[in-house]
Amino acid sequence: MKAEIRNVDGLTMMGRADSNHWVVMDASEDHNGAGAGATPMEFVLMALGGCLAMTVKSLLSKKRLDVGQMTVELDAQTAGENPHVFTSVDVLLRFRGGQLTGDDVAWAVDLARKKYCPVDAMIERTAQVNCSWDVEV
């Protein structure tokens, strides 16, 4: 995998990787940025949520289970000193309107975390990742 980052203006950066989709990154205004995009750490947190969501949904779909609507909420705590790495991340997967049980989701989350989600595996090197779920049919 390769990526490139281009400086647009000030601390505003545009990045793209092999998929060839550009994304905007920036620092917040209180850190001398323009606030024109998500910060790199926000992208890391969103990458964790996206990786877990895609993997869990894929696993459940392969079992021909109706997933319904799925959302993922993430709440990360960071170290108090530099580098401000994640120290813990709480992940809540919410399922609405499908035909799932808590056991179905537990199976998929466990498999995703132990075998298939590389973002989770990387973040777990510095942070405790706590996953929970809520299933409402």
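This report describes the surroundings of D26, helix 1 and two cysteines in a predicted model.

Local features are given at pLDDT of at least 70 and side-chain atom pairs at pLDDT 80 or more, while totals for chains, interfaces and linings use all residues. Residues are numbered from 1 along each chain, and side-chain values use heavy atoms, without hydrogens and water.

D26 occupies the loop between strand 3 (23–25) and helix 1 (40–62); helices are DSSP runs of H or I with at least four residues, and strands are runs of E with at least two. D26 is buried (under 20% relative accessible area, 1.4 Å probe, protein chains only) and has no salt bridge, defined as a Lys or Arg side-chain nitrogen within 4 Å of an Asp or Glu carboxyl oxygen. R6, the nearest side chain of opposite charge, is 16 Å away. The D26 side chain does reach the backbone nitrogen of A36, at 3.0 Å. Residues touching D26 (heavy atoms within 4.5 Å) include L11, T12, G35 and P40.

Helix 1 has 23 residues, for which 33 Å is expected at 1.5 Å a residue (times one less than the number of residues); its end C-alpha atoms lie 32 Å apart, which agrees. Its buried residues include L45, L52 and L59, and among the elements covering such residues are strand 4 (69–78) and helix 2 (102–116). Just after helix 1, R64 takes a positive phi of about 60°.

The structure holds zero disulfides, a disulfide being a pair of cysteine sulfur atoms within 2.5 Å. Two cysteines are listed below.

| Residue | Relative accessibility | Class |
|---|---|---|
| C51 | 13% | buried |
| C117 | 2% | buried |

Terms used: Buried < 20%, exposed > 50% of the residue type's maximum accessible area, 1.4 Å probe, protein only. Lys, Arg positive; Asp, Glu negative; His and termini not counted. Polar contact = N/O pair within 3.5 Å; in protein donor to acceptor, adjacent residues only side chain to side chain. Lists of a residue's contacts leave out its neighbours within four places in sequence.
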